[in-house]
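Grab a pencil and work through these exercises with the structure open beside you. Try each task before you read its solution.

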Amino acid sequence: MSDTIFALSSGRPPAAIAVVRVSGPAACGAAQALAGRCPPPRHASLRTLRDAAGAALDRALVIYFPGPATATGEDLVELHCHGGRAVVAAVERALAAVPGLRHARPGEFTRRALENGRIDLAQAQGLADLLEAETEAQHRTALAAAEGAVGRAVGGWLDRLSAIAAQVEAQLDFADEADVEDAGGYDPAPAIAALLAEWRATLAAPSVERLRDGVRVVIAGPPNAGKSSLFNALADRDAAIVTPIAGTTRDVLEAAVMRDGIPYRLTDTAGLAEATDDEVERIGIDRAATAMAGADILLWMGAPVEAPAGAVILAGKADLPGADHTGADLAVSARLPHTIAALWALLADRAGAMLTIDGDMALRQTQRDRLAEAAAALDLARRTTDLLIVAEQLRVATRPLAALLGKDATEAMLDALFGRFCLGK
């Protein structure tokens, strides 16, 4: 029998309302200890909460949810109290004094929901992402995952895998049986190819981490090109030291910026001098090269002929008389707000394309790694006509998919297979 746990489930006080949640076999007993008796299931009852000595703590709504049809799969009680710090502290002290109750560990309510089958692993991860969501895209995809979008997709993929596997096994084991329809003529290749294409499309979409961390925008070019001035203008603060002296920036500087709902990580880099005897400057140049290699969008502020492939070529210091804009995609100056606005428009256009999601489903990197494992196995199955190899690779593909839901591969495959039988079978 599991412990009965309690914790504040709403935001930190002070607040108008505080919800203290109790979960476990002694939840109803905890309600009786504080409120006199456990209310009828799923009915909000106004009660006076008292400690063991009988002292009044608060007037609160008490709601009892009998398991297993609860958020955690256990008996659950919610105490809707006033949200003052003293009230919450007093209620938690009173609960801690009830025999068999203890304070919940971080994430323990969600863990119990997972262990009791109320949610799958993907939903638990979606809930974690929902708590950290800062943009509309993060909120939308995290909410979809928390409500089971990832689990439903993976469950559908497992269903399709089991259907293909059943046909392949039938062809291998029962090809001579007259009552197996088309046992000798099944070709798994089209179904495998269709499933593989769907997985590859999912892997091509932005990850949860990309939606959270944003688009990496790196500003690079030779010394004294105006990189740090542009960096400050985009960050809207004096994040980098700016002087007329070439080589002022020696290291990589970063700033996180949220603009029109899109997160960006701006990076200023050291000037790319052709040669230097300064060891510190050389380290800065090496770090600049590393940052450039990891850029989603590279803003190049040097000669167009020297621009790396795919870079946005900027002509800096556009406010100076006689500035040369030849070959540049955009002329910018930290002193000309309209040029900064034009650059933001360009960045938003490119970032929007990078963060576009077909639907609301996005995967974490660990989930993407699992799906990539399954895709690699399915690709091997697609490339052979040997049904023994096909059957084995289908089993291999099932394991990482099942792991996405926190399930055993064999259990997941059997669930998918037998779930297709009629009710009386």
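**Exercise 1: just past a helix**

Which residue just after α5 takes a positive phi?

*Solution.* Keep in mind throughout that this is a predicted model. Step 1: find helix α5, which covers residues 136–146. Step 2: move just past the end of α5, and you meet Gly-148, whose phi is positive at about 100°. Step 3: now look back into α5 itself, where Gln-138, Thr-141, Ala-142, Ala-144, Ala-145 and Ala-146 are buried. Step 4: check what lies over those buried residues; the cover includes α4 (121–132), α6 (149–173), α8 (208–213) and β9 (262–268).

**Exercise 2: a residue in a strand**

Decide whether Thr-267 is buried or exposed, and list what it touches.

*Solution.* Step 1: place Thr-267, which sits in strand β9. Step 2: use the cut-off, where buried means under 20% relative accessible area. Thr-267 has 5%, so it is buried. Step 3: leave out residues up to four places away in sequence, and Thr-267 touches Val-217, Val-218, Ile-219, Phe-231, Val-252, Leu-253, Glu-254 and Ala-291.

**Exercise 3: aromatic pairs**

How many aromatic pairs does a search of the whole structure find?

*Solution.* Step 1: the search turns up two aromatic pairs. Step 2: one of them is Trp-157 with Trp-199, at 5.9 Å centre to centre and with 65° between the planes, an edge-to-face pair. Step 3: ask where the partners sit. Trp-157 is in helix α6 and Trp-199 in helix α7 (residues 189–204), so this pair links distant parts of the chain, 42 residues apart. Step 4: check burial. Trp-157 counts as buried at 3% relative accessibility, and Trp-199 is buried at 0%.

Step 5: turn to Tyr-264 and Trp-344. Their ring centres are 5.1 Å apart and their planes are at 65°, so this pair is edge-to-face. Tyr-264 belongs to strand β9 and Trp-344 to helix α11 (residues 337–354), so the pair ties together parts 80 residues apart in sequence. Step 6: Tyr-264 counts as buried at 2%, and Trp-344 is buried at 5%.

**Exercise 4: inside the largest core**

Which residues of the largest nonpolar core touch the most other members?

*Solution.* Step 1: start with a rule of thumb: in soluble globular proteins, nonpolar side chains tend to be buried together. Step 2: the largest core here has 31 residues, and the ones touching the most other members are Val-154, Trp-157, Leu-161, Trp-199, Leu-378, Leu-394 and Leu-401. Step 3: trace the helices behind it: α6, α7, α12 (365–382) and α13 (387–404) each supply at least two residues of this core. The largest share, nine residues, comes from α6. Step 4: zoom in on Trp-199. Not counting residues up to four places away in sequence, Trp-199 touches Trp-157, Leu-161, Leu-371, Ala-374, Ala-375, Leu-378 and Leu-401. Step 5: don't stop there, since a second, separate core has 30 residues, including Leu-211, Val-215, Ile-262 and Val-332.

**Exercise 5: charged partners**

How many salt bridges does the count come to?

*Solution.* Step 1: remember that side chains of opposite charge can pair when their charged atoms come close. Step 2: the count comes to 18 salt bridges. Step 3: try one example, Glu-198 with Arg-160, which meet at 2.8 Å, N to O. Glu-198 is in helix α7 and Arg-160 in helix α6, so this bridge ties together parts 38 residues apart in sequence. Glu-198 is partly exposed at 33%, and Arg-160 is partly exposed at 33%.

Step 4: look at Asp-379. Arg-200 meets Asp-379 in a salt bridge of 3.3 Å, N to O. Arg-200 lies in helix α7 and Asp-379 in helix α12, so parts 179 residues apart in sequence are tied together. Arg-382 also meets Asp-379, at 2.7 Å, N to O. Arg-382 and Asp-379 are three residues apart in helix α12, so about one helical turn separates them. Asp-379 counts as buried at 12%, while Arg-200 is partly exposed at 43% and Arg-382 is partly exposed at 34%.

Methods
Residues numbered from 1 in each chain as written. Predicted model: local features only at pLDDT ≥ 70, side-chain atom pairs only at ≥ 80, totals over all residues. Heavy atoms only, no water. Buried < 20%, exposed > 50% of the residue type's maximum accessible area, 1.4 Å probe, protein only. Helix = DSSP H or I, 4+ residues; strand = E, 2+ residues; numbered from the N terminus. Contact = heavy atoms within 4.5 Å. Phe/Tyr/Trp six-rings, centres within 6.5 Å; stacked < 30°, edge-to-face > 60°. Core = buried A, V, L, I, M, F, W, Y, C linked by side-chain atoms within 4.5 Å. Salt bridge = Lys/Arg side-chain N within 4 Å of Asp/Glu carboxyl O.
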